[in-house]
Amino acid sequence: METILITGANRGLGLEFVRQYASLGAKILACCRVPAEANELQALQKQYPSIHIFPLDVSNMDQIQALAKQIDEPIDILINNAGRLEKDETLGNLLTDSFMQTFMVNAVAPLKITEAFSKHVAKSKRKLIVCVSSTMGSIGENTSGGYYSYRTSKAALNMGMKSAAIDLEPQQIKILLLHPGWVKTRMGGEQASIDAVESITGMRQVIETYQPGPGEVKFYRYDGQTIGW
Ligand SMILES: NC(=O)c1ccc[n+]([C@@H]2O[C@H](COP(=O)([O-])OP(=O)(O)OC[C@H]3O[C@@H](n4cnc5c(N)ncnc54)[C@H](OP(=O)(O)O)[C@@H]3O)[C@@H](O)[C@H]2O)c1
């Protein structure tokens, strides 16, 4: 049975990752900010006892360290999914505190979680770290501007994970960056083009077949297409 740790597991894409992997028989370490309010996740846990729920605010570095100590088992796939998007942001209206919080959640936290849990991943069979990034972090694909904190934080995530892939290569840990598509979640909104089931089904297939070269990181869409950096 594979063990999979997922951040932001209480709703949106994180919750659907939990649902699909649990239904396939994986053991899930489902992390979310407030487990007591994670009603859908708790309902899933009743259906699948292999789901274990842990409190984790990814912007709380002490909590990351404490959880890494508490969890004492190999982790096959670590999925950095939690993310934050500030929508009302324009040049002339950049709010520093909000910008820094987005950077913390989207770029710093995945690296700190990678740092804290790389030992657990190295002990597993699968040895894979997945980050839910975004095409909004692609410099080459930015043709519409705006979204300063979100775009820069996802670009920083991609660069940080490229370094981590090189540094963790001696431990045979692989890193994959995924764009989930434009998905109907609270972040993606109702107008989005696909639902979470389609996105996660696609991302699972990409994860399943991922075979990077040494130190290599790929940036793929949920349907397996390569994204330019
Ligand atoms: N939906 C899209 O179209 C789309 C497109 C490209 C990339 N993405 C990426 O996909 C990932 C998941 O997004 P989503 O669409 O599922 O969005 P969502 O429905 O808004 O869910 C965001 C998740 O992140 C969690 N989160 C935010 N800040 C956190 C923190 N400090 N600590 C722990 N958890 C935190 C939220 O928890 P709370 O409930 O506690 O707030 C929630 O579980 C994100 O990384 C996002 O950038 C989404």
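I take a helix axis as a line fitted to C-alpha atoms over the stretch in contact, with angles running from 0 to 180 degrees between N-to-C directions. I keep in mind throughout that this is a predicted model.

**Entry 1: a helix pair**

With that convention I looked up helix H1 (residues 12-23) and helix H6 (residues 196-208), whose axes come within 9 Å and cross at roughly 65°. I noted the sense of the crossing as right-handed for H1 passing H6. For the contact I listed Leu13, Glu16, Phe17, Gln20 and Tyr21 on the H1 side, and on the H6 side Ala196, Val197, Ser199, Ile200, Thr201, Met203, Arg204 and Ile207. Sorted by class, the residues of this contact come out as eight nonpolar, three polar and two charged.

**Entry 2: glycine 12**

Staying with H1, I looked up glycine 12, which lies in that helix. I recorded glycine 12 as partly exposed because its relative accessibility is 30%, a value that falls between the 20% bound for buried and the 50% bound for exposed. I also checked its distance to glutamate 37: the two are 25 residues apart in sequence, and their C-alpha atoms are 14 Å apart in space.

**Entry 3: the largest pocket**

I then turned to the largest pocket, for which I have a volume of about 1200 Å³. Its lining is made up of 42 residues, and those nearest the centre are Gly83, Arg84, Leu85, Thr185 and Met187. The elements that each give two or more residues to this lining are H1, helix H2 (39-47), helix H4 (96-122) and helix H5 (148-168), and H1 supplies the largest share, with three residues. By class I wrote down 17 nonpolar, 16 polar and nine charged residues for the lining.

**Entry 4: serine 118**

In helix H4 I looked up serine 118. Its relative accessible area is 10%, so I entered serine 118 as buried, the cut-off for that word being under 20%. Once neighbours within four places in sequence are set aside, serine 118 is in contact with Leu168, Gln171 and Ile173.

**Entry 5: arginine 126**

My last residue was arginine 126, which I found in the loop between H4 and strand E5 (128-132). Arginine 126 also counts as buried, because its relative accessibility is 17%. Leaving out neighbours within four places in sequence, I listed its contacts as Glu2, Asp76, Ile77, Lys174, Ile207 and Glu208. Of these, I had already met Ile207 among the H6 residues that make the contact with H1.

Technical notes
Residues numbered from 1 in each chain as written. Predicted model: local features only at pLDDT ≥ 70, side-chain atom pairs only at ≥ 80, totals over all residues. Heavy atoms only, no water. Helix = DSSP H or I, 4+ residues; strand = E, 2+ residues; numbered from the N terminus. Left-handed = near helix turned anticlockwise from the far one by under 90°. Contact = heavy atoms within 4.5 Å. Nonpolar A, V, L, I, M, F, W, Y, C, P; charged D, E, K, R; others polar. 1 Å grid on protein atoms, 1.4 Å probe; cavity = no way out; pocket = protein on both sides within 12 Å on 5 of 7 lines; lining within 4 Å. Points joined across faces, edges and corners; volume = space filled by probe spheres on them. Buried < 20%, exposed > 50% of the residue type's maximum accessible area, 1.4 Å probe, protein only.
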